[in-house]
Amino acid sequence: MLFVFPKDVIPNADMVFWLIPFSFILLNGNNNFGPVSRWLNCHGCALWAKLGKLSIYIYLFHFQVIMICKHLPGIKHSIAGSLLTLAAAMAVAAAVMAVREMIRRRRPHYSK
């Protein structure tokens, strides 16, 4: 008799299947092997750096934007309304990040 994992250990069999291709993608990306990983390591780093800077602003402002959009009369609980809320949260975060970076560039840095 074969050993069968209980459902508590592996709740979804598809999860185990997708671990294999994603682990190969991660290993190839780490080794800089293949055209996709070379492109991501060359051009994707700037994208990830920009998203890393933007992430703190998304974290700080997403809840306020969601609450404002939730109480607007034109926004419904649909996919389009959710996408509009997501776009608004990203826009607010990007605007605050741009203003903060502009202030940071103009203000002289003092070190003690």
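**Notes on a three-helix model**

1. Let's start with Thr-85, which counts as buried at 13% relative accessibility. Buried here means under 20% relative accessible area, exposed means over 50%, and partly exposed is in between, using a 1.4 Å probe and protein chains only. Thr-85 has its place in helix α3. If you skip its neighbours within four places in sequence, Thr-85 is in contact with Val-65, Ile-66, Cys-69 and Ile-75; contact means heavy atoms within 4.5 Å.

2. A word on what you're looking at: this is a predicted model, where local features need pLDDT of at least 70, side-chain atom pairs count only at pLDDT 80 or more, and totals for chains, interfaces and linings use all residues. Residues are numbered from 1 along each chain as its sequence is written, and side-chain values use heavy atoms, with hydrogens and water left out.

3. Now the overall layout. The protein chain has 3 helices and 0 strands, and reading along the sequence gives the pattern α-α-α. Helices (H or I, at least four residues) and strands (E, at least two) are DSSP runs, numbered from the N terminus.

4. How much of the chain is buried? Of the 112 residues in the protein chain, 12% are buried. The chain exposes about 10000 Å², with carbon and sulfur atoms supplying 72% of that. Accessible areas come from the Shrake-Rupley method with a 1.4 Å probe, and for residues only the protein chains shown count as cover.

5. As for contacts along the chain, take those with a separation of 6 or more: residues 24 or more positions apart account for 54% of them. For a separate pair to look up in the structure, try Ala-91 and Ile-58, which are 33 residues apart along the chain and have C-alpha atoms separated by 9.2 Å. Ala-91 lies in helix α3 and counts as partly exposed, at 45% relative accessibility.

6. Which residues meet in a salt bridge? The side chains of Arg-104 and Glu-101 do, at 3.5 Å, N to O. The rule asks for a side-chain nitrogen of Lys or Arg within 4 Å of a carboxyl oxygen of Asp or Glu, and the count by that rule comes to 1. Side chains of opposite charge can pair when their charged atoms come close. Arg-104 and Glu-101 sit 3 residues apart in helix α3, so about one helical turn separates them.

7. The two partners differ in cover: Arg-104 is partly exposed at 37% relative accessibility, while Glu-101 is buried with a relative accessible area of 17%. Not counting residues up to four places away in sequence, Glu-101 touches Lys-53 and Tyr-57.

8. Lys-53 turns up again on the surface, where Lys-50, Lys-53, Arg-105 and Arg-106 gather in a patch of positive charge. The elements giving two or more residues to this positive patch are α2 (35–70) and α3 (79–106). Patches are made of residues with over 30% relative accessible area and no salt bridge, joining like charges within 9 Å and nonpolar side chains (Val, Leu, Ile, Met, Phe, Trp, Tyr) within 5 Å. Lys and Arg count as positive and Asp and Glu as negative, with His and the chain ends not counted; each charge is placed at NZ of Lys, CZ of Arg, CG of Asp or CD of Glu.

9. There is a nonpolar patch on the surface too, formed by Phe-17, Trp-18, Phe-22 and Ile-25, with about 470 Å² of accessible area together. Is Ile-25 buried or exposed? Ile-25 is exposed, with a relative accessible area of 52%, and has its place in helix α1 (residues 13–31).
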